[in-house]
Amino acid sequence: QVQLVESGGGLVQPGGSLRLSCEVSGVNIRSYVMSWHRQAPGKERELVATIYAMGDITNVGDAVKGRFTISRDNAKNTVYLQMNSLKPEDTAVYYCNARWRRSSSTMDDYWGQGTQVTVSS
């Protein structure tokens with residue numbers, strides 16, 4: 001059974017920092033594209049950051065560029081999201097995703113349960 005468990009969320013003041021972790025069990029993430037998404041109340045889920053299997057290519061969304069960094073530790077089967085200079089508009093539930101296209105017709109696609117991040121004074 002594959003499980004993705006996010007942690008590290010919480011309440012932080014504007015300008016503060018948080019580090020989210022996503023620990024994966026049941027599969028080796030070495031081949032997986034890992035990403036963080038978020039969903040604010042009343043809004044659609046949006047992609048925040050992606051890190052590819054080798055870990056040397058990352059992408060972050062325009063809304064968080066320069067403030068958020070995604071990284072991975074394949075040995076620990078864990079992905080991280082370092083969030084700095086947080087803003088109230090970063091408030092959302094943050095979800096971890098693991099995706100691997102095994103073949104042209106088969107794709108692994110797993111989600112965590114989410115962790116709440118609230119940025120407020």
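Ser-103 is found in the loop between β9, residues 92-101, and β10, residues 107-111. I should say at once that this is a predicted model. Is Ser-103 buried or exposed, or does it fall in between? Its relative accessibility is 31%, so Ser-103 counts as partly exposed, given that the partly exposed class runs between 20% and 50%.

The side chain of Ser-103 has a polar partner on the backbone. One of its polar atoms lies 3.2 Å from the backbone nitrogen of Thr-106. As for distance along the chain, Ser-103 and Asp-90 are 13 residues apart in sequence, and their C-alpha atoms are separated by 35 Å.

Let me turn to a second serine, Ser-35. This residue sits in strand β4, which covers residues 33-39. Its relative accessible area is 6%, and Ser-35 is therefore buried, the limit for that class being under 20%. Which side chain makes a polar contact with that of Ser-35? The partner is His-37, and the contact is 2.9 Å.

The surroundings of Ser-35 can also be listed. Leaving aside residues up to four places away in sequence, Ser-35 touches Leu-47, Ala-49 and Thr-50, then Ile-70, and finally Tyr-95, Cys-96 and Asn-97.

I now move to the chain as a whole. How many helices and how many strands does the chain have? There are zero helices and eleven strands. Read from the N terminus, the elements accordingly run β-β-β-β-β-β-β-β-β-β-β. The radius of gyration is 14 Å, close to the 14 Å that the globule rule gives for 121 residues, so the chain is as compact as a globular protein of that length. Along the principal axes, the C-alpha trace spans about 45 × 30 × 25 Å.

On contacts, consider pairs of residues at least 6 apart in sequence: 54% of the contacts between such residues join residues at least 24 apart. On burial, 40% of the 121 residues count as buried, and Ser-35 is a buried residue, with its relative accessible area of 6%.

Two further points concern the surface and the charges. The accessible surface of the chain comes to about 6,600 Å², and carbon and sulfur atoms account for 46% of that area. The chain carries 13 positive and 11 negative side chains. Where do the centres of these two sets lie relative to each other? They are 2 Å apart.

To return to the two serines in closing: Ser-103 is partly exposed at 31% relative accessibility, whereas Ser-35 is buried at 6%.

Conventions
Residues numbered from 1 in each chain as written. Predicted model: local features only at pLDDT ≥ 70, side-chain atom pairs only at ≥ 80, totals over all residues. Heavy atoms only, no water. Helix = DSSP H or I, 4+ residues; strand = E, 2+ residues; numbered from the N terminus. Buried < 20%, exposed > 50% of the residue type's maximum accessible area, 1.4 Å probe, protein only. Polar contact = N/O pair within 3.5 Å; in protein donor to acceptor, adjacent residues only side chain to side chain. Contact = heavy atoms within 4.5 Å. Rg over C-alpha atoms; globule rule 2.2 N^0.38 Å. Areas by Shrake-Rupley, 256 points an atom, 1.4 Å probe, with all protein chains shown as cover. Lys, Arg positive; Asp, Glu negative; His and termini not counted. Charge placed at Lys NZ, Arg CZ, Asp CG, Glu CD.
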